[in-house]
Amino acid sequence: TPFMKYLPLLFVPAVVGIIDHLDKIKPFAFEFLVVITISTLLGLISSVLVFVFVASKTAPPVGDEKVK
């Protein structure tokens, strides 16, 4: 896809920045891991809750299926 050729523009600068400042980041590695894990879980949980809410509002009620 056209988007794939631009992915290095997104990830290479971030990785270079992390490697460049690794000596400053190392003391906080555990805290970074905890924050990244918690924020990822919160994002996944909120996505599931939004999906369940929207699905409950748009899906037909259970038992209303038409039998042919």
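## Exercises on a predicted chain

**Exercise 1.** How far apart are the mean positions of the positive and negative charges of the chain?

*Solution.* In this predicted model, the chain carries 6 positive and 5 negative charges. Taking the mean position of each group, one finds that these two points lie 11 Å apart.

**Exercise 2.** Work out which pattern the chain follows along its sequence, and compare its radius of gyration with that of a compact globule.

*Solution.* Begin with the elements: there are 3 helices and 0 strands, and reading along the sequence gives the pattern α-α-α. Next, take the radius of gyration, which is 21 Å for the chain, whereas a compact globule of 68 residues would have one near 11 Å. The box filled by the C-alpha atoms, taken along the principal axes, is roughly 65 × 35 × 15 Å. Finally, turn to burial, where buried residues make up 0% of the 68 residues.

**Exercise 3.** Decide whether Ile-38 is buried, partly exposed or exposed, and place this residue in its surroundings.

*Solution.* First, locate Ile-38 in helix H3, which covers residues 29-58. Its relative accessible area is 45%; because this value falls between the limits of 20% and 50%, Ile-38 counts as partly exposed. Then look at its partners: together with Phe-30, Val-34 and Leu-42, Ile-38 forms a nonpolar surface patch with about 400 Å² of accessible area. For the whole chain, the accessible surface comes to about 6,600 Å², and 78% of that belongs to carbon and sulfur atoms.

Definitions and conventions
Residues are numbered from 1 along each chain as its sequence is written. This is a predicted model: local features need pLDDT of at least 70, side-chain atom pairs count only at pLDDT 80 or more; totals for chains, interfaces and linings use all residues. Side-chain values use heavy atoms; hydrogens and water are left out. Patches are made of residues with over 30% relative accessible area and no salt bridge: like charges are joined within 9 Å, nonpolar side chains (Val, Leu, Ile, Met, Phe, Trp, Tyr) within 5 Å. Accessible areas come from the Shrake-Rupley method with a 1.4 Å probe; for residues, only the protein chains shown count as cover. A salt bridge is a side-chain nitrogen of Lys or Arg within 4 Å of a carboxyl oxygen of Asp or Glu. Helices (H or I, at least four residues) and strands (E, at least two) are DSSP runs, numbered from the N terminus. Buried means under 20% relative accessible area, exposed over 50%, partly exposed in between (1.4 Å probe, protein chains only). The radius of gyration is taken over C-alpha atoms; the globule rule is 2.2 Å times the number of residues to the power 0.38. Lys and Arg count as positive and Asp and Glu as negative; His and the chain ends are not counted. The place of a charge is taken as NZ of Lys, CZ of Arg, CG of Asp or CD of Glu.
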